[in-house]
Structure formats: structure tokens, C-alpha cells
Amino acid sequence: MSTTDENRYPAENDLVLSWPGAARQWVEAAPVGNGRLGAMVFGGTRRARWQINDSAVWSGTPNGPAEALDDVLAAGAGPERLAEIRTAIRAEEYRRAEQLVMSFEGRYSQEFLPFADLWVSLSGEELVHLGRTLNLDNGVVTERIEVDGQRVQRTTWASRPASALCVALEVEDGGIVDLEIELTSPLRVERRSGMALGVEIPIDGAPQHEPTVAEPLRYADGPVHGYDPFGVAALAIDTDGQLSGDDGVHSNGVYSIRGASRVLVTVTSSAAPADHWHGEPPISREAHVRRAVETADAAVATGERRLLAEHEADLRGLLGGAQVTIGRRRGGVFDVADEVLSGKDEQFTATVITQLGRYLLASASRPGGGPPANLQGIWNDQLRPPWSSNYTININLQMNYWGAWQAGLGACDEPLLELIERLADNGAPVARGLYDARGWVAHHNTDMWGWALPVGMGHSNPSWAIWMMGGVWLCQHVWEHFDFTQDTDFLRERGWPLLSGAAQFCLDWLVEGEDGLLETIPSTSPENLFVSSSGEPESLSVSTGMDMALICALFTRTLAAAEIIGLDDETCAEIRRALPRLRAPGLTSDGRLREWSVDHRELDPNHRHMSHLVAVHPLDQIDPLTTPRLAAAAMATLDARGNGAMGWSWSWKIALRARLAQPAAARAMLLEATRPFDGDPAEDAPVDGSRWGGLLPNLFSTHPPFQIDGNYGLMAGVLELIVQIHGGFIRILPALPEQWREGSCRGIRCRGGVAVDLVWRKGAVTELTVHRISGDPDQPVTVQHGGRMRELRVAVGDSARLTPGLADARC
């Protein structure tokens, strides 16, 4: 047994996924990541592949958003045209309104790109791949291979402490192997310098849905306005074998090793967009090469044992803070097809899907790593990925982080907060220029550069291209950060500027209607259409339900923040005057929650978006206990929309059903969402959800295409079934499916700075502990379970154990 066996082999309760062979395609590969570097581990023998991403390698330039705003303003968009649009909508002159509003559309946000590929080819007469595993608790992929009868073990992990992708190979029982290693890139290779690969990064990347762009992936021939679009992937190798040549490299960039019993490979990166993201000054291409090489060399010099130990300490330190087990099974090695995708144990599948979501978020989004998790996390192999693998902020980015705090991964929200701050900076001139408004605005799409304009190139349907509430919804996450941590310094220094700025935009965006209420106009319900009085499908309207819910939530949270930090300014006074004049939720003639302020008929009654139900989840405005009439209307809305569609839509519906205390309906959709996808994963389904998605062989959630918000959303949905934290108290097992007879949770974070541990048997709580992590110990914690309510006070650092009847137990 080697010196690293104690790290390679799983701990007793580790959840390990298993596949019987190497991946044949990307959707079978296993993901690893450290928040900066992500890799899809295919495994294999003669040409094993690691497809590598750097979370900051995007097309585009820092000046792109500002230049696009200048272009839109030069074309005539602005406050005067906005007045014309409003007049046309009120007159139901929809074609004219559409024509005018499309002039507000910029081009498009930029693309998240693939970065490099590592290839390892073993030599031998008889090569047999014996299978792969992915440990969801320590982030290590392990392969077992036979080379001419010799047993070989290969492990892969993405180390955050070392800022490196690490691959270690060991031959058992003193055997040796020969192999070749190669580093390539799908981007334009500018140079090879020793074991470093320098690439140019496109300065513009058009999405697939804009086929008329003449050069969809455009490179520059040098720096653009002081930004040099350049990146480096560097390789370092340590082995007891013979590395070919003096510097170990052939002219074709292939590294050959002979007679090795062990090999350690590290891959690192240095890229100009990452420096921009972190606010660092630009450096030369030579400096990028040096930095990448030095990082790779330092990692490989650390040695396999220490690299792996430090990686495990880091990742387990994050993931180990919470755990969810539904049913009796958790620890062990489980074949994905037989044990998870088969559906034969739904409780275990729910356990896996929850831990997988946690693992994927911890791998994709870490403080100091890079931009937040995008539509594909930090894993993408396509130069023109679906929807640019960017940030869609009318549901998808928000869903990525819905469960972060509750799942014990609050630290993972830092990259999201950084993106929101960037959006606020870029969104302020957009608010002024387009709408003559204070504060800041964001629309439907953004990217790592903080794109804040509408997208659509002047020809796209306003139903998705024109929506001014993207920043307003993202502010919910700003409030959540405070609500879970009770960190008043954060609220004062970072939260208040974001909340108040978005609120100021809304105050100026609202206009008085004929009935004296404040309206948003133009207003859309993201990606949905209604049928007008003339029988035509339309998107532009007044005061959609989602607009009103989001603005009401923002105003309420902004006032709460002001009170907490001891501030009462003119913005607060304006909000207090505006709040009573916001339109309240309305009902349709058949008792559903209105999506539009008028009782329009939806063009698609089964539409995949649940936009107006944002008032139920995550905004907590509608609840069966406090607003039973509206809750019943929300249930009727969900019944009419039906099940199905794709991962993220299922996830939202599961969370909604959980909030509405409908466990059977939530369970039915979870079973649908976790079934294996039986179509062609390379063929994109219609966006309307008419073809259902499911789980891919590596358990990624697919539409298709793959979108990671489905994985993150399913994690959040399962947690909502077990513990809810809204309405001022902690609800224990509020929507537990009848079939989930037993289980346990540890470290589930709650608003107010507390966490809970619980065990349930036969559907009832048998153990419950409340921990105070932060916040005011004099602020009572209210717990509800089974019709009982208990209020208690817990000092910071202390815990309170309750009996099943919520009485005190011994601490």
C-alpha cells in the first residue's frame, strides 16, 4: 500500500459513484473542479482525456458592455423613445411598441469557452479499463487499469490550495509502464514555451441563436484598449521514469515517459480575463507563461501525498459541514446506472442528487476562484456552447445558488456577490442612459464582464430580450447573505449599496397608472406570451405579476436593511410612499394566480417558466398559513401548468410544491426529473419543453442541452421538502413525502444565523438539535413540527436539543 492510500480510499461514509468503464462521450465524463479550474475526466487507456476549463476564460473584453451601450444610445434608444413605447403599449399598438423596444437591444453577452485538453496514452499490448469512481465527499476520481497484466491506479483531483489539476498514476507491485502526455487547446495556440501552452482568447463570441453573425468567434491580433486576450495552460511532470529529451518535450509537444512506476502531472493556468476579474493589473504574455509554469512546478514539487491531503482537507472542510441522508443508505461505492438511474431506491437517489448538487457547487464556485457558476457550472467543451454557457438571470443563475446557504455552502456565494457588484457598476450608466433612472439595472443575460444591457441584436422577441428585473431578483441573494449570516458589516458595506441602488432604479422605473397604482411598463413575464384581445400572441404588457412581486420584495428588504444598519434617508421615504401603491397579486377568472395584470390567456398553458410564482418561492410572499387564498391560487396555477419539461423547470416546481405543502406532487416531479434521459444528448430539444429532459449518464441534468441549474435546483428542492426557513420560523419536515420514512440531516443552515440537525423515523422527528452560529442570542428561534410550535433562545456557539414534541432535552 502506497503512502497516499489513506487519501485515495474513501472514508466509511463517503458517497462514491461508479461507472464500469471510461467515458465515450462528454456527458459520461466525471467532473472535478476547484472554483477556478474545472475538468471532465473521461479516463481511458490509449488516449485518455481530461477536458479542461478555466472559469475566467470567456470571449469578450472589459470595454465590451460600455461600447455596446454607446452603440444602442447612438441608434436612438433612450428616455424619449421609452415614452413612445409606453404610449403604444397603453394603446395596444403592440407591433409599434415591439419595433421601438427592439432598438434597446444590444448585441449579446459573451461566451464561456473551453480552454485546454490533457491527453495521456498508455503503451502496451493488452490494455483493459476496469472502471472509474467519483467520490462526492473528497472530489477524487479513481480509475483502475490493467496494462499487460499489471494493475495501474490513476487518480484525479482539482486542488484549490495548489491551484492545479492533479493526475497521479501508480503501478502496483513494483511494475512499470510507458506513456505519452500531451497538452492541447481548442483555442488559437500562439506559442509553446517548454511545458506551457499559450493561447489567444476570442474577443467576441456570438451565441448559436445568432446565425447571421459573420465571424461568430473573433480573435484580435493583439491588445484591445489595453486588454490582451491571452491565457496559458502549463504542465509539470514528476516521475521515476525517463522523461524524453533534455527538457522532456518533442517538437510536436508530446511528452514521453519510459519505465515509470509512478507519475504525477499538474496543470495550471494564467489568463488575462482572470486578472481582470480579480482587479489585478495586466501583465505581459511572458509573465503569464512564468506564472503558470511556476504554479505548476510548485504544485508538482509539493508531492502527491501532500497535494492530496491538502485538497481533501480543503474540500471536506467545506462539504463536511452538512450532510443529508434520505433512507438508510449513504456510504459506499454505487454503480450509477444500477443504483441511481434505475429508480429502484428513490430515497437513495434523492440522497445522491442532493450530495451531487453540493459537490458541483463546491467545485464550481469558491471565494478567490473566479466568476460564479454559469449555465454549465465551470464545465464546457464547445466553442459555441448552448446559450453561450453564460448567465441567464431570469431564473437560471439565481437557481444555481438557491440551496447554497441551506446546504452549508454559504462561502460559495462570494463569486455571485462579486458579479452582482460588477453588474451594479455597469448597470448604472445603462439605467441613466436608457431610462433616465437612478441606481442600476440588469436585464435577461449577463457574462463575466458584467453585461447589463438587453440582448437580442435589435430583432429578438421582447418576451425574453426585454426584462428590467434581472438585478432586482439578484438582490434577493444579497439579502440572503445577510439573513443567513446576520453580518451587519456586510449589510452596511456591500449589501446596502446594491439594495438601495436597485431600489432607486425601481422607484424611477415605476410610473403612475390610471387607477393611481404604480406600474412597470413595458413589462414582460420572462419568455412567456399572452393572447391579446385581437387574438395575437404578445409579450409587452403592464405590471406583470413577477415584476410586482420582485419590486415588493426588494423594497421590503431595503427598508429592513436600512433599519438594521440605522439609516433612514430619502430613498427609504420614497419606498415607504411607493409600497402601498404597488399592485397586489390578482386571480384569473378560474382561480389561478394572474401572470399579467389583466386576465390574459396564456399562449402556452404548460409554459416551463413559473415567473409569477416567484412570490411563493423564493420570495416568501405567499404561504398556505398566512395567505391561504393566494396559496390556493398558486396551487391551481401549478396544476394547470402540469409537470415535466426540463431540469430547472422541474426543480422550481418541486420547490413550489414544497412551499405549498404538497409533498406527493413534489415527489412525483422529482421522480420524473431523476429518470435517465433516453434521447440523443447532442440534439438540443425545443426550448418550449415539449420534449422532456432527465439525467445523463454522469448525472448531469439535461434539457437537452445540459444545464447545471437543474442539478443545483434539485438539491435545493430536496432540502425544501425537509427543512424550510421562512415566515419567521424553522419548519421541520414541512413537505416530507410519505415514502421517505426515515433519514437524517446535519448542519442544515437556517436564516437568523442558526443550523439544525435532525433524525426522523416513520415520518416523524426523533432527534432535533438547534445550533446558534451567529446573530443575536436574544432573538428567539421558532421551530415548528407536526402542528407544534416552540420558541427558544440559544447563545452563539451553544446548542439546544429538543424532544420529538419540541420540549427541552439534555444538551
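Which residues does Ser 363 touch, not counting residues up to four places away in sequence? Keep that in mind while you get your bearings; what you have open is a predicted model.

**Stop one: Ser 363**

Select Ser 363, which lies in helix H9, residues 346-364. Now show what is around it: Ser 363 touches Gly 33, Asn 34, Gly 35, Ile 378 and Trp 379, leaving aside residues up to four places away in sequence. Pick out Gly 33 from that list and look at the backbone. Gly 33 and Ser 363 are 330 residues apart along the chain, yet their C-alpha atoms are separated by 4.3 Å. Is Ser 363 buried or exposed? With a relative accessibility of 1%, Ser 363 counts as buried.

**Stop two: a cluster of rings**

Stay with Trp 379, one of the residues that Ser 363 touches. Add Trp 26, Phe 700 and Phe 706 to your selection, and you have a cluster: ring pairs link these three with Trp 379. If you like rings, there are others to hunt for, since a search of the whole structure turns up 19 aromatic pairs.

**Stop three: Tyr 435 and Trp 509**

Here is one of those pairs to zoom in on. Tyr 435 and Trp 509 meet edge-to-face, with 5.0 Å from centre to centre and 65 degrees between the planes. Colour helix H11 (residues 414-435) and helix H14 (residues 488-509): Tyr 435 lies in H11 and Trp 509 in H14, so this pair ties together parts 74 residues apart in sequence. Switch on a surface and both partners turn out to be buried: Tyr 435 has a relative accessible area of 5%, and Trp 509 has 2%.

Before you leave Trp 509, select Arg 86 as well. Arg 86 lies over the face of Trp 509, at 4.8 Å from the ring centre. For another arrangement of this kind, jump to Arg 47, which lies over the face of Trp 119 at 4.1 Å from the ring centre.

**Last stop: the cysteines**

How many disulfides does the count come to? The count is 0. Try Cys 166 to see this for yourself: the nearest cysteine sulfur belongs to Cys 412 and is 19 Å away, and Cys 166 is in no disulfide. Cys 166 counts as buried, at 0% relative accessibility.

Then move on to Cys 750. Why is there no bond from its sulfur to the closest cysteine sulfur? That closest sulfur is in Cys 745, 10 Å from the one in Cys 750, so the two are too far apart for a bond. Cys 750 is buried, with a relative accessible area of 0%.

Terms used. Residues are numbered from 1 along each chain as its sequence is written. This is a predicted model: local features need pLDDT of at least 70, side-chain atom pairs count only at pLDDT 80 or more; totals for chains, interfaces and linings use all residues. Side-chain values use heavy atoms; hydrogens and water are left out. Rings of Phe, Tyr and Trp (its six-membered ring) pair if their centres lie within 6.5 Å; planes under 30 degrees apart count as stacked, over 60 as edge-to-face and the rest as tilted. Helices (H or I, at least four residues) and strands (E, at least two) are DSSP runs, numbered from the N terminus. Buried means under 20% relative accessible area, exposed over 50%, partly exposed in between (1.4 Å probe, protein chains only). A charge sits over a ring if NZ of Lys or CZ of Arg is within 6 Å of the ring centre and within 35 degrees of the ring normal. Contact means heavy atoms within 4.5 Å. A disulfide is a pair of cysteine sulfur atoms within 2.5 Å.
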